[in-house]
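Colleague: Could you take me on a close tour of one part of this model, the strand pairing, and then carry on from there into the core and the enclosed spaces? I would be glad of one connected answer.

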Amino acid sequence: MRLAIILLFLATNIYSQNLFRVIGKGKNLMNISRTTVVSKDLQSVAETVLKDRSSEVVVQAVKKEIILQTVIEQPVCLPEEVPGGYNYLRTVSKEMRCEGEWKKVVDSDGYNGAHHIINKSVLEVIYKDLEIRARQSGSTIDFTFDEFQSNAPAVFHPFHNLPKYKHIFHNRERQLRLYYSEGVFGCVEDYFRQINQVNVLEGLQLYDREFMRTTLLETSLWAHHYGLFWKM
């Protein structure tokens, strides 16, 4: 039965690097089932990422890919305390949207949903670059832009959509320059450095080292899975 579910997931899921599904929720904790698909050469990286958040990881080879399954115990907390990729944050948000601060996540003058750390317009440029590089090598990429951006690194921040901080959240030129000089790692490090300066000025909670570490681990897997420049 498990193998049949995995094969169905591979055939139908448009976010095929990761699939998240809430399988239980209590007052202080929710359980989120995670299925992650990688090539065999990324198995070790993927296991490190999943074990950072879960005590048990089930690994299975299916055709030419490795399928990893686990359950994340996600504490009920503030939006900005949830680390993970864009589709993980959306999964948590849908479950929590009627509670406390989570009611503000959809506000157009605040959180405005989960925020891509690397702007969507920058992701479009990077995706085009991946297509060009693939053609030059006589091949094609086998994933859509929707899948690519839905697994990209993201955060919640209460000032995401404020014009005052547009230069931090939506600085296309800065991020492109960083990507092609320092890689994805440089973009994410730069974001946390800037936004924590804002958090200090505004009296907000800082993104701590553990949060940033988890985000970078998830981002590393995403970058290697899709063939991006990780560190230059």
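Modeller: Happy to! Phe-20 stands opposite Arg-34 in β2, and Arg-21 stands opposite Ser-33 in that strand. Please keep in mind throughout that this is a predicted model. Both pairs belong to the match between β1 (residues 18–25) and β2 (residues 29–39), an antiparallel pairing over seven bridges. The link from β1 to β2 is a hairpin of three residues.

On to the next partner of β2. This strand also runs antiparallel to β4, with eleven bridges joining the two. One of the residue pairs here is Leu-29 with Pro-75, its bridge partner in β4. So β2 is paired with β1 and with β4. How many residues of β2 are buried? Eight of the eleven are, so the strand is largely enclosed by the rest of the structure.

Just ahead of β4 there is a backbone detail you may like. Lys-63, in the loop between β3 (58–62) and β4, has a positive phi of about 60 degrees, although it is not a glycine. Most residues other than glycine have a negative phi. As for its surroundings, Lys-63 is exposed, at a relative accessible area of 74%. A second case is Asn-112, also not a glycine, whose phi is positive at about 50 degrees. Asn-112 sits in the loop between α3 (86–96) and β6 (115–116). With a relative accessibility of 33%, Asn-112 counts as partly exposed.

β4 also leads us to an open space. The second largest pocket takes four of its lining residues from β4, the largest share. Both β4 (65–75) and α8 supply at least two residues of that lining. The volume of this pocket is about 310 Å³. Its lining has 18 residues, and those nearest the centre are Glu-81, Pro-83, Glu-210, Phe-211 and Thr-214. What is the make-up of that lining by class? Eight of its residues are nonpolar, three are polar and seven are charged.

Helix α8 brings us to the interior. The largest nonpolar core has 35 residues, and Phe-148, Val-184, Tyr-191, Phe-192, Trp-222 and Leu-228 are the ones that touch the most other members. At least two residues of this core come from each of α4 (120–136), α5 (145–150), α6 (166–169), α7 (172–202) and α8 (209–226). The helix that gives the most is α7, with ten residues. For a close-up, take Val-184: beyond its neighbours within four places in sequence, it is in contact with Ile-118, Tyr-179, Thr-219, Trp-222, Ala-223, Leu-228, Phe-229 and Trp-230. Apart from this core lies another one, made of 17 residues, including Met-30, Cys-77, Met-96 and Phe-156. Met-30 takes us back to β2, the strand that spans residues 29–39.

Now for the closed spaces. There are two cavities of 30 Å³ or more. The largest holds about 100 Å³ of space. Its lining counts 15 residues, with Asn-18, Gly-84, Gly-85, Asn-151 and Glu-218 lying nearest its centre. Here β1 returns: along with β5 (84–85) and α8, it supplies at least two of the lining residues. The largest share, five residues, is from α8. By class, the lining has five nonpolar, eight polar and two charged residues.

The second largest cavity has about 40 Å³ of space. Which helix gives the most to its lining? That is α7, with seven residues. The lining consists of Ile-168, Asn-171, Arg-174, Gln-175, Leu-178, Cys-187, Asp-190, Tyr-191 and Gln-194. Four of these are nonpolar, three polar and two charged. Tyr-191 makes a handy link, as it lines this cavity and is also among the residues that touch the most other members of the largest core.

To pull the threads together: β2 pairs with β1 and with β4, β4 gives the largest share to the lining of the second largest pocket, and α8 gives the largest share to that of the largest cavity. In turn, α7 contributes the most both to the largest core and to the lining of the second largest cavity.

Key
Residues are numbered from 1 along each chain as its sequence is written. This is a predicted model: local features need pLDDT of at least 70, side-chain atom pairs count only at pLDDT 80 or more; totals for chains, interfaces and linings use all residues. Side-chain values use heavy atoms; hydrogens and water are left out. A nonpolar core is a set of buried Ala, Val, Leu, Ile, Met, Phe, Trp, Tyr and Cys residues joined through side-chain atoms within 4.5 Å. Buried means under 20% relative accessible area, exposed over 50%, partly exposed in between (1.4 Å probe, protein chains only). Contact means heavy atoms within 4.5 Å. On a 1 Å grid over the protein atoms alone, a cavity is a set of points where a 1.4 Å probe fits but cannot get out, and a pocket is an open set with protein on both sides within 12 Å along at least five of seven lines; lining residues have an atom within 4 Å of a point. Grid points are joined across faces, edges and corners, and a volume is the space filled by probe spheres set on the points. Ala, Val, Leu, Ile, Met, Phe, Trp, Tyr, Cys and Pro count as nonpolar, Asp, Glu, Lys and Arg as charged, and the others, Gly among them, as polar. Two strands pair if DSSP finds at least two bridges between them.
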